[in-house]
Amino acid sequence: MVNTGKPSGGCEACRKRRIKCDESKPSCSYCLKKQITCVAKEAFDTAWRDQNVVASEAVRRRLKATARTDRESTAMVVTRRPCSISTASFEDVPKVLSQDYDTYALDFFFTSYVKPRSNLSYDRGFLNSVYPVYQQSSASSPIRPAVTAVALALLEAWSQLNPNSPQSFARSHYLHGVAALRQHLQDREEITDDVLIATLMLDMYEGVTSFCAARSHTGMHLKGTKAIIDSRKRLVYSSETSQGILARVRHMLVGRALLRQEPVASDMLHLTPGCQLGVTVSPEADLHRLDFELANLQADATDLLSNSTTTNRSLVAFETYNKAQALDEQFVAWYASIPLEWYPIAISDPRSIPESVRLAGMYHDYCNIHNSIFVADILNGHSSSRIKLQLLILFTLSHLDDPLLNELESQTQATIQDLADSICASIPYFLGDRTKVLRLDDKSVQYPHLGFDPVPFEHFDSAAAYAGFFLTRRLVELLQRHVQLRGGQKMWVGGQLGRIKEVYLVSQ
């Protein structure tokens, strides 16, 4: 049979037995006959088997070098001397062409973190534009070293190496990216989308290294991104790339303001994606708008109630309470308006939840499965924001004298508990049965699923890649002293944070 070069789509069972697979869906004839689960093999797996093992070995080889010239000398390069094909000896041709490690890291990053695997019902913001903008950028663009720094940091982390160590290759690219960005701004060159994405990638690098070291993310590059956007004044952000950048910057600035209980500048309103174009705002952008209002209401309430006199404190608290209730109604309305495929599905059937998942960590006798981990994170963000709003409502109620106060407090506490339960119910979907560090593309990990439907292939990589980042912040917020949960739940949440540290080798 002639080899066409096209990767086989045969299932894993047929591959192991070395028999021809008829590639029928959802199950081939052999698996149907043997009554076993038919697991298809993706082309990506064929091309990148054991990628983290290979990466780890490659990194360790390069760590032995003490200088860049020594590292470059490990590559097998053909000696440049004039010779014709007829006179060239066989020894002049390298037996194996070594792959540049930076290129390998970029392939790993784009494949595992950036490129979508299927049709998406949500907008991933600037991530959708990183790859095409990188490909179209010039060699001197700051996006080049910035993206490479993130790629190397993530690959080193998955290779069980420390991206914060002095031997990290990511650090030099990060410093190169900072220098290239500074030079670009000093030369007063045009602020194009690749420059803005470079600032976000530098911030992402800081986020990755902060996560691995279990320290707070400073967000210094985020402030620089905002300053650069302000320098462009009100230029029309008409492209999809620009819209994604605005969404990312606005979301991150508002998120930091919520954490620090700080107000958000009113000029952030012009960063609302779609506001210049008169187009329909996406659910993510609409949720960012509600978070914007929550951040300012939270900051204003703290300031007003702290500085008000005893005589007018009740009046200020009552006005703030009404505003908080009105905003909470908008959050509830947002949830009611999301696409149908976004709603989580609660499952408890043993056929849907592997026993290893239950043992690894389930707070309830059920868990939720979602359209994707990105949708799950958006919904967890909604729950987290509503918890902050309920805490603000409790804060205002503490300054009121109302006969219905106890009932209102009980209702608010019940809402907080329900929202916290929904976040806890998503943990099995994010982590599966992972309890220790494994390869990013390890298909042996068990996840909850719908009945006999298999876990989507893209979930194995995306859940492993993003779960740690998405879950950590939400779980830390549940451990705040102002959040009152039922007995033992905070201890369970703390245990899941410890599990994340083990899975992602986060420094203690």
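This report walks through the chain as a whole, its cysteines, and the spaces in and around it.

## The chain at a glance

First things first: what you're looking at is a predicted model. The chain runs to 508 residues, and 49% of them are buried. If you trace the backbone, you'll come across 20 helices, along with two strands.

How do the contacts spread along the sequence? Take the contacts between residues at least 6 apart in sequence: 72% of these join residues at least 24 apart. As for the outside, the chain exposes about 26,100 Å². Carbon and sulfur atoms account for 54% of that area.

## Cysteines without bonds

A disulfide is a covalent bond between the sulfur atoms of two cysteines. How many disulfides are there here? The count is zero. Take C21, which is in no disulfide: its nearest cysteine sulfur belongs to C14 and sits 3.8 Å away. C21 itself counts as buried, because its relative accessibility is 12% and the cut-off for buried is under 20%.

C31 is another one to look at. Which cysteine has the sulfur closest to that of C31? That would be C28, at 3.5 Å, which is too far for a bond. The reasoning is simple: a disulfide needs the two sulfur atoms within 2.5 Å, so the 3.5 Å between C31 and C28 rules one out. C31 also counts as buried, with a relative accessibility of 1%.

## The enclosed cavity

Search the whole structure for cavities of 30 Å³ or more and you get one. The largest cavity has a volume of about 120 Å³. Its lining is made up of 13 residues, and those nearest the centre are A157, W158, F211, C212 and Y504.

Which helices help to build this lining? At least two residues each come from α8 (143-158), α10 (193-213) and α19 (457-478). Polar or nonpolar? By class, the lining of the largest cavity has 13 nonpolar residues, with no polar and no charged ones.

## The second largest pocket

Now for an open space. The second largest pocket has a volume of about 710 Å³. Around this pocket you'll find 31 lining residues. To locate its centre in the model, look for T37, C38, V39, P454 and V455, the lining residues that lie nearest to it.

What is the make-up of this lining? The residues lining the second largest pocket divide into 17 nonpolar, nine polar and five charged. For the cavity described above, by contrast, the lining has no polar and no charged residues.

Key. Residues numbered from 1 in each chain as written. Predicted model: local features only at pLDDT ≥ 70, side-chain atom pairs only at ≥ 80, totals over all residues. Heavy atoms only, no water. 1 Å grid on protein atoms, 1.4 Å probe; cavity = no way out; pocket = protein on both sides within 12 Å on 5 of 7 lines; lining within 4 Å. Points joined across faces, edges and corners; volume = space filled by probe spheres on them. Nonpolar A, V, L, I, M, F, W, Y, C, P; charged D, E, K, R; others polar. Helix = DSSP H or I, 4+ residues; strand = E, 2+ residues; numbered from the N terminus. Buried < 20%, exposed > 50% of the residue type's maximum accessible area, 1.4 Å probe, protein only. Contact = heavy atoms within 4.5 Å. Areas by Shrake-Rupley, 256 points an atom, 1.4 Å probe, with all protein chains shown as cover.
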